[in-house]
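Let's take a walk through this one together, starting with a pocket and then moving on to the sheet. Have the structure open and turn it as you read.

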Amino acid sequence: MKNILLIGAGRFGRHTARHFFERGHQVMCIDQDEEQINAILPYVTNALIGDATKQSFMETVGVSDFDVCIVAIGDDFQSSLETTALLKDLGAKFVVSRAARDVHAKFLLRNGADEIIYPERQLAEWTAIRYGSDHILDFIALEGPYSIYEVELPDQWVGKTLIDLDLRRKSKVNVIAVRQAEGLMADVSPDSPFQKGQTLLVIGRDKDVEKCFRLNG
C-alpha cells in the first residue's frame, strides 16, 4: 500500500483516485473547488480544499510523507508548473505531472517532475490502435518499439500448439497469456492446442506483431 498525494480533482483526478482506491492505496486529494472535492470523496482517504501553489498551505500537508505526488491539473499549466516546483521544494519523494504538450513536459521536468504522463495522447494512441484493426482487443505500449497486444486467435491456429507455430523463432513474438471463458491463463503450455474463441496476449516489437497477425490488413 502506498500513500498518494493527488493534486487536482477533475475528471482525470477522479478516475485516478478511484483506481488507486480499488487497489488498496491511501489517497489525499487537494483542489480549490469544493464541488470537485465532494465528487472525489468516495475514493480518497482525506481531501482538502486549498491552493496547491501556496507554500503556506502546502507546508501543512506534509508533502514528504507521501510515496508519490501526482499533479493532475489539466487546464492551468502555470498552476501545474508552480505546484510541481513547490512539491519538490517541500521534499516530495517522487512527483508525476500531467502534461498536454511536449513543451509543457520540458518545463515540468526542469522544475522538479520525476515523470510525465500524457493522458490524452496515450488514450488517443490506444484508441487508434484498438479500433484501427478488427483483431486487436487491447494494447499496452512498452519501452522503445515493444508493446503488449491482446489479439484474436487466428482461425488457422485453432487446434495448433505453440510448438506447432514456433512463433518465437519464426515471428519473434512471444505468447505470454491466453484469455478464455474461464478467465486469463498466464501459464501457457507449449503443447496445449489453442481453442476457438480464445484471445492471446503477446509481446514483441510492433512491426513483428503486426506482421505476425496481419494487423494492418
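**From pocket to sheet**

The lining of the largest pocket is a mixed bag: 10 of its residues are nonpolar, 11 are polar and 8 are charged. Keep in mind that you're looking at a predicted model. The volume of this largest pocket comes to about 590 Å³. Of the 29 residues lining it, Ala72, Ile73, Gly74, Asp75 and Asp76 are the closest to its centre.

Which elements each supply at least two residues of that lining? They are helix H1 (11-22), strand E2 (26-31) and helix H4 (77-89). H4 provides the largest share, with 4 residues.

Now for the sheet. Six strands make an open sheet, and you can trace them in the order E3-E2-E1-E4-E5-E6, paired in parallel. At the edges you'll find strand E3 (46-49) and strand E6 (115-117); each has a single partner strand, so one side of each has no neighbour in the sheet. Going from one strand to the next, the twist averages 20°.

If you want to see a strand pair up close, try E4 (residues 68-71) and E5 (residues 95-98), which run parallel and are joined by 3 bridges. Here cysteine 69 sits opposite valine 95 of E5.

Finally, back to H1, one of the helices that help line the pocket. H1 also packs on the sheet, where it touches strand E1 (3-7) along with E2, E4, E5 and E6. The direction of H1 makes about 170° with that of E1. E2 likewise turns up in both places: it's part of the strand order, and it supplies at least two residues of the pocket lining.

Methods:
Residues are numbered from 1 along each chain as its sequence is written. This is a predicted model: local features need pLDDT of at least 70, side-chain atom pairs count only at pLDDT 80 or more; totals for chains, interfaces and linings use all residues. Side-chain values use heavy atoms; hydrogens and water are left out. On a 1 Å grid over the protein atoms alone, a cavity is a set of points where a 1.4 Å probe fits but cannot get out, and a pocket is an open set with protein on both sides within 12 Å along at least five of seven lines; lining residues have an atom within 4 Å of a point. Grid points are joined across faces, edges and corners, and a volume is the space filled by probe spheres set on the points. Ala, Val, Leu, Ile, Met, Phe, Trp, Tyr, Cys and Pro count as nonpolar, Asp, Glu, Lys and Arg as charged, and the others, Gly among them, as polar. Two strands pair if DSSP finds at least two bridges between them. Axes are lines fitted to C-alpha atoms, for helices over the stretch in contact, and angles run from 0 to 180 degrees between N-to-C directions. Contact means heavy atoms within 4.5 Å.
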